[in-house]
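Let's take a friendly walk through this model, starting with its charged side chains and moving on to its strands and rings. Please keep the structure open beside the text as you read.

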Amino acid sequence: MKGEVVKKTFMTGLFAAGILLGQATGRQELSVAEVEKMLAAQVPSDVIVLKVKQAHTTFNLSTADILALKNAGASADLMKVMIAGETGSAAEAEGITIPDGTEVKLLLKNPVSSATAQPEQRLEFTASGQVVVHGVTVIEKGAPAVGHVTEAQPAKGFGRKGKLNFSIDTVQALSGENIRLRSSKTATGSDSYGKAGVVTLLTGPLGALVKGKDIEVPAGTEFTIYIDGDRKVQQGSGGGGKL
């Protein structure tokens, strides 16, 4: 009886130690079956690679497992990471794709007015919230974005109102890469791929920004803009250079 109590105490201690070790290292168990479920759900392979790397799990894959994963659509990089726990350049280079038309909400950092703005003047913005793709944060809240004034004229005599238009050009991904933006969710007409996100201030809800004869856009004004084209970004700790 005493021996059984000691054995149970020892096993309980090992179990608790295992839990604490897992919490301390941040490791999460991940099985081959779970990877196959993600593949069946058409989760992109680059996202699964990131999940496997975060789990810090080395899989002892049998030949049958490898064939099943291949048939399920697993990439070579995914299987390499699963077998060897690889964190090398092949897996990193695959990155993650931000889909075309992904919505980004940005806040204007400093006020701008048609009375004082100049064409080509740099404008700065910050992301008002995270952008998440398949559970992975690709643009963090507060990420910097930049644009520039495309047209600016102060109000003139004879009742002519001022003019002010600007584009929101790029936003910085978590990896530090600058991602091009456009003003509409789908690329049609003049707002085609490769065109900057031009903001028209005299129409729609933004028409309310016209104060008297000049256009005044206060700091903190939020604009909804969209990723221009599928954009693959690298996985990293961020900290890229200034936009």
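D100, R182, D228 and R231 are joined in a network of salt bridges, a salt bridge being a side-chain nitrogen of Lys or Arg within 4 Å of a carboxyl oxygen of Asp or Glu. Before going further, note that this is a predicted model, in which local features need pLDDT of at least 70 and side-chain atom pairs count only at pLDDT 80 or more, while totals for chains, interfaces and linings use all residues. Residues are numbered from 1 along each chain as its sequence is written, and side-chain values use heavy atoms, with hydrogens and water left out.

**Salt bridges**

Within the network, the side chains of R182 and D100 meet at 2.8 Å, N to O. R182 belongs to strand β9 (residues 178-182) and D100 to the loop between β1 (96-98) and β2, so this salt bridge ties together parts that are 82 residues apart in sequence. Helices (H or I, at least four residues) and strands (E, at least two) are DSSP runs, numbered from the N terminus.

How buried or exposed is each partner? R182 is buried, with a relative accessible area of 0%, whereas D100 is partly exposed at 27%. Here buried means under 20% relative accessible area, exposed over 50%, and partly exposed in between (1.4 Å probe, protein chains only).

A search of the whole structure finds six salt bridges. Among them are the three in this table:

| Salt bridge | N to O distance | Relative accessible area of the partners |
|---|---|---|
| R182 and D100 | 2.8 Å | R182 0%, D100 27% |
| E103 and K105 | 3.6 Å | E103 39%, K105 32% |
| E124 and R122 | 3.3 Å | E124 30%, R122 45% |

E103 and K105 both count as partly exposed, and E124 and R122 fall into that class too.

**Strand β2 and its partners**

E103 and K105 bring us to strand β2 (residues 103-108), where the side chains alternate. V104, L106 and L108 point to one face and are buried, while E103, K105 and L107 point to the other face and are not buried. The salt bridge between E103 and K105 thus joins two side chains that point to one face of β2.

Which strands pair with β2? One of them is β13 (residues 222-227), which pairs with β2 in the antiparallel sense over five bridges. Strand β4 (residues 122-127) also runs antiparallel to β2, and three bridges join them. Two strands pair if DSSP finds at least two bridges between them. Looking at single positions, K105 has T224 in β13 as its bridge partner, and L107 has T126 in β4.

**The aromatic cluster**

Strands β4 and β13 come up again when we turn to the rings. The whole structure holds three aromatic pairs; rings of Phe, Tyr and Trp (its six-membered ring) pair if their centres lie within 6.5 Å, and planes under 30 degrees apart count as stacked, over 60 as edge-to-face and the rest as tilted.

F125 and F166 form a tilted pair, 6.1 Å centre to centre with 40° between the planes. F125 sits in strand β4 and F166 in strand β8 (residues 163-172), so that the pair links distant parts of the chain, 41 residues apart. Both F125 and F166 are buried.

The rings of F125 and F223 have their centres 6.1 Å apart and their planes at 85°, which is why this pair is edge-to-face. Because F125 lies in β4 and F223 in β13, this pair ties together parts that are 98 residues apart in sequence. F125 and F223 are both buried. Together, ring pairs link F125, F166 and F223 into a cluster.

**D214 and its surroundings**

D214 is found in strand β12 (residues 214-217) and is buried, with a relative accessible area of 17%. What does its side chain reach? The D214 side chain makes a polar contact with the side chain of S114 at 2.7 Å and reaches the backbone nitrogen of A155 at 3.0 Å. A polar contact is a pair of N or O atoms within 3.5 Å; within protein, one must be able to donate a hydrogen and the other to accept it, and residues adjacent in sequence count only if both atoms are side-chain atoms.

Leaving aside neighbours within four places in sequence, D214 is in contact (heavy atoms within 4.5 Å) with S114, A115, Q153, P154, A155 and G162.
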